[in-house]
Amino acid sequence: MSENVSPIKYFLSGGFGGICTVVCGHPLDTIKVRLQTMPKVGPKENPLYSGTWDCAKKTVTTEGIRGLYKGMLAPLCGIAPIFAMSFMGFGMGKKIQQRHKDEKLTPIQLFYAGAFSGVFTTIIMAPGERIKCLLQVQHGNTKPKYNGPMDCVKQLYREGGVRSIYKGTCATLLRDVPASGMYFMTYECLQRAMTPEGGKLGLLSTITAGGLAGIANWIVGMPPDVLKSRLQTAPEGTYKNGIRDVFTQLMREEGPRALYKGFTPVMLRAVPANAACFLGFEVAMNFLTWAAPNL
């Protein structure tokens, strides 16, 4: 990404990149959430899912392929503004730190700019994540509580008002600020390393940098994401002190390894989904540069 680009172009291109991300990565996101939130079993009981493949197989067997896309409408409707805000926030974060428009930022400055973008997205991301997770944990062999995103919003509002819809906002912020910093810093640094000075971005370098940026994002963001998923899908009143109670119970009952539950589908999803994101972003950015050079 050029250091001297309008935040508006970041906004529009990021929105298109976000749509590419959801379409490509939602099935593995569904598996991730189901693994993260499956009930704890006793000593002689078998877990609901033995792993990523078992979860995928059981979901498709009982619910069909559509089961893997449960809850996709919520992030798909919100992902364009979320990613648009994220990329715009990153562009603004870079500009704030630049002393002149062509200054090349250091890796730590790129991290700060990315972290700044994570704050931007939380207000939209938190309710979307809450709705998505609640729909994803509805299994095909039980009567669903929610009949879609709008019904979910209505029921949450009726049960606890706006506060219920935004449950998990602090957990989302705890995940997205450091993870976004790693995400954008990794992408920019890898693109610099793989692109000759003054040369154009290549397809392979964009896919590689985007995929590895996704991995870096989730290595940092996975533990708070587990806590967030559990908090957002728990019945009202389960965790009175929020994410602190989730963390305390998880450490006591399952130990630190539980913070990386769902890690396999996340890593399987990270490369194609984020490669698609940055590929979509770069395509949209090139188009806007051609179609509206003065934007």
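**Cysteine environment and helix packing in the predicted model**

In this predicted model, the sulfur of C133 lies 10 Å from the closest cysteine sulfur, that of C152, which is too far for a bond. The reciprocal search gives a matching result: for C152, the closest cysteine sulfur belongs to C133, at 10 Å, again too far for a bond. A disulfide is a covalent bond between the sulfur atoms of two cysteines. Because a pair is counted only when its sulfur atoms lie within 2.5 Å, the separation of 10 Å excludes C133 and C152 as partners. The count of disulfides under this criterion is zero. Both cysteines are nevertheless shielded: C133 is buried, with a relative accessible area of 0%, and C152 is likewise buried, at 0% relative accessibility.

C133 also takes part in the surroundings of S229, a residue of helix α7. Apart from residues up to four places away in sequence, S229 touches C133 together with Q36 and T37. With a relative accessible area of 0%, S229 is classed as buried.

Helix α7, spanning residues 203-233, packs against helix α8, spanning residues 243-253; their axes come within 9 Å and cross at roughly 110°. The two helices α7 and α8 are therefore roughly perpendicular to each other. On the α7 side the contact is made by V226, L227, R230 and L231, and on the α8 side by I243, V246, F247 and L250. By residue class, this contact comprises seven nonpolar residues, one charged residue and no polar residue.

Helix α2 covers residues 52-63, twelve in number, and extends 16 Å between its first and last C-alpha atoms, close to the 16 Å expected at 1.5 Å a residue. Its buried residues are T52, D54, C55, A56, T59 and E63. These buried residues of α2 pack against two helices, α1 (7-37) and α9 (263-291). The residue that follows α2 is G64, which has a positive phi, near 80°.

Within helix α9, V266 was examined individually. V266 counts as buried, at 2% relative accessibility. Leaving aside neighbours within four places in sequence, the contacts of V266 are with K32, W218 and M222. For M222, the separation from V266 is 44 residues along the sequence, whereas the C-alpha to C-alpha distance is 8.4 Å.

A further buried position is found in helix α4 (residues 107-136), which contains G118. The relative accessibility of G118 is 0%, and the residue accordingly counts as buried. Beyond its neighbours within four places in sequence, G118 is in contact with L173, D176, V177 and S180. The C-alpha atoms of G118 and G181 lie 7.7 Å apart, although 63 residues separate the two glycines in sequence.

R192, in helix α6 (residues 169-194), has a relative accessible area of 27% and is partly exposed, whereas G118 is buried. Between R192 and S205, which are 13 residues apart along the chain, the C-alpha separation is 9.5 Å.

Terms used:
Residues are numbered from 1 along each chain as its sequence is written. This is a predicted model: local features need pLDDT of at least 70, side-chain atom pairs count only at pLDDT 80 or more; totals for chains, interfaces and linings use all residues. Side-chain values use heavy atoms; hydrogens and water are left out. Helices (H or I, at least four residues) and strands (E, at least two) are DSSP runs, numbered from the N terminus. The expected span of a helix is 1.5 Å times one less than its number of residues. Buried means under 20% relative accessible area, exposed over 50%, partly exposed in between (1.4 Å probe, protein chains only). Contact means heavy atoms within 4.5 Å. Axes are lines fitted to C-alpha atoms, for helices over the stretch in contact, and angles run from 0 to 180 degrees between N-to-C directions. Angles under 35 degrees count as roughly parallel, over 145 as roughly antiparallel, 65 to 115 as roughly perpendicular and the rest as oblique. Ala, Val, Leu, Ile, Met, Phe, Trp, Tyr, Cys and Pro count as nonpolar, Asp, Glu, Lys and Arg as charged, and the others, Gly among them, as polar.
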